[in-house]
Amino acid sequence: MKNNLAILPQILRTRASLALPVAKAFLSKLIAQNIDYPFAGGKSRRLALVTFRITPLCNQSCVMCSQRGKTGVLKGRYAQEEAKKIVPLQRYLELVDELARVNPILYVWGGEPFLYPHFMDLAQNMARKCPAFTVNTNGTYLARHAERIVRDQWGSVYISLDGRGEVNDAIRGKGSYQRVVEGIQAVNREKERQGSDLPYLGLVTTISNLNYLHLEEVVRAAREFKLSWHMINLGTYTNAAVAEKQRRFMLETFGVRVNGMEGFANGYNEGIDGRRFAEILARVQELDFGYPIITVPVTGARQIDRYYNELETPVRDHCICPWVHTDIDYNGDVHFCVDYPEYILGNIKEESFFSIYNNEKAVFFRQTLKKNPDGIFPGCTRCYQLMLLGRRRKGF
């Protein structure tokens, strides 16, 4: 399958203000991997990416979602109560000023980011201060805000779409496919009206046993959307055995209780026919619509079945995520692991970001990760960050 670096030429053809921080992020990864990781004693002098889980709220309940899906851990009344803890706009504006000194990629997700109060004002500020500003959205609010999204020059928007028509709606809710299509069309109309090439639009299709046989259909349909890339996410899955190993490890090593892994043990990996799906992926990767079609993780066709049915088997190792990336939760907590946020480094409501990034807890986490077998923890085997920032294992 194609290497995910296929996205680089597309980005580097863009305006310099966006291309430079993206190129810098790839360079920071290489430097961290070869210098900071082996030699810096658990500290990092790189910061390529800061992600923001900006709200616990969402207007959809996607069946495989670790937050609001069948086994989700952040939904209902609990999510409503958690939403009372969100970081106020003014603190985010101050934080963006701190981060702008190093100009990382800022990547905002949720929940659904548009449900954060004053989100459009925050997005405007982020896009102005850090041009490689990216939003991950379910797409249902794009039409309403299309004019301002283009006017404020967002760098890129990642839009979740898991199939055509009823396939998508069975996963994401009735009518969601049409709302996404209308949102994409609205943004494209505004780009044309305003004479702008921003934001760059990308689709993210997350694979489950509900849609894998229909992947080619949505990839072909998407060629009408004027995309810059289409990402095929093989999915983050776990099972009870892996989750229990991670809980035990985190409690014994860091003294923290892991509560969120059950969200990924939802069974939507079960029954995926690896041979048939490998054939579909091979056909999809041969398509040429003028933009890269990217699989995360890239893996050999013969190993697709193992990816879904041997969840304890790593396909990547030696994660360098904590050396280049940090996530900020909706309540201000700072941590390295987006999907497993229980190990908290500090909180941006209480101290500056850079006083947290290399503090004692951060150094201990990095050192422990590096020393652990294969440079990962027991629950990391299908972590999306590891798929992006880990070392590809032989055979995969």
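**Exercise 1.** Does Arg 247 count as buried, partly exposed or exposed? Then describe the salt bridge that joins Arg 247 to Glu 244.

*Solution.* The model is predicted.

Step 1. The relative accessibility of Arg 247 is 24%. Buried means under 20% and exposed means over 50%, so Arg 247 counts as partly exposed.

Step 2. The partner, Glu 244, has a relative accessible area of 34% and is also partly exposed.

Step 3. In the salt bridge between Glu 244 and Arg 247, the closest N and O atoms are 3.0 Å apart.

Step 4. Both residues belong to helix α10, residues 240–254. Because they are three residues apart in this helix, about one helical turn separates them.

Step 5. The pair belongs to a network of salt bridges that links Glu 244, Arg 247, Arg 248 and Glu 262.

**Exercise 2.** Which parts of the chain does the salt bridge between Asp 317 and Arg 393 link? Classify both residues by accessibility.

*Solution.*

Step 1. The side chains of Asp 317 and Arg 393 meet with an N to O distance of 3.1 Å.

Step 2. Asp 317 lies in strand β8 (residues 316–317), while Arg 393 lies in the segment after β12 (391–392). The two residues are 76 residues apart, and the pair links distant parts of the chain.

Step 3. Asp 317 has 4% relative accessibility and counts as buried. Arg 393, with a relative accessible area of 24%, is partly exposed.

**Exercise 3.** Where in the chain do Arg 46 and Asp 36 lie? Give the accessibility of each residue.

*Solution.*

Step 1. A salt bridge joins the side chains of Arg 46 and Asp 36, at 3.2 Å from N to O.

Step 2. Asp 36 is in helix α2, and Arg 46 is in the loop between α2 (16–39) and β1 (49–53). Ten residues separate them along the chain.

Step 3. Asp 36 is buried, with a relative accessible area of 0%. Arg 46 reaches 21% and is therefore partly exposed.

Step 4. For context, the count of salt bridges in the model comes to 23.

**Exercise 4.** How much space lies in the second largest pocket? State which residues lie closest to its centre and how the lining divides by residue class.

*Solution.*

Step 1. The second largest pocket holds about 410 Å³ of space.

Step 2. The pocket is lined by 21 residues, of which Arg 53, Tyr 78, Asp 329, Pro 341 and Glu 342 are the closest to its centre.

Step 3. The lining of this pocket comprises nine nonpolar, five polar and seven charged residues.

Terms used: Residues are numbered from 1 along each chain as its sequence is written. This is a predicted model: local features need pLDDT of at least 70, side-chain atom pairs count only at pLDDT 80 or more; totals for chains, interfaces and linings use all residues. Side-chain values use heavy atoms; hydrogens and water are left out. On a 1 Å grid over the protein atoms alone, a cavity is a set of points where a 1.4 Å probe fits but cannot get out, and a pocket is an open set with protein on both sides within 12 Å along at least five of seven lines; lining residues have an atom within 4 Å of a point. Grid points are joined across faces, edges and corners, and a volume is the space filled by probe spheres set on the points. Ala, Val, Leu, Ile, Met, Phe, Trp, Tyr, Cys and Pro count as nonpolar, Asp, Glu, Lys and Arg as charged, and the others, Gly among them, as polar. A salt bridge is a side-chain nitrogen of Lys or Arg within 4 Å of a carboxyl oxygen of Asp or Glu. Helices (H or I, at least four residues) and strands (E, at least two) are DSSP runs, numbered from the N terminus. Buried means under 20% relative accessible area, exposed over 50%, partly exposed in between (1.4 Å probe, protein chains only).
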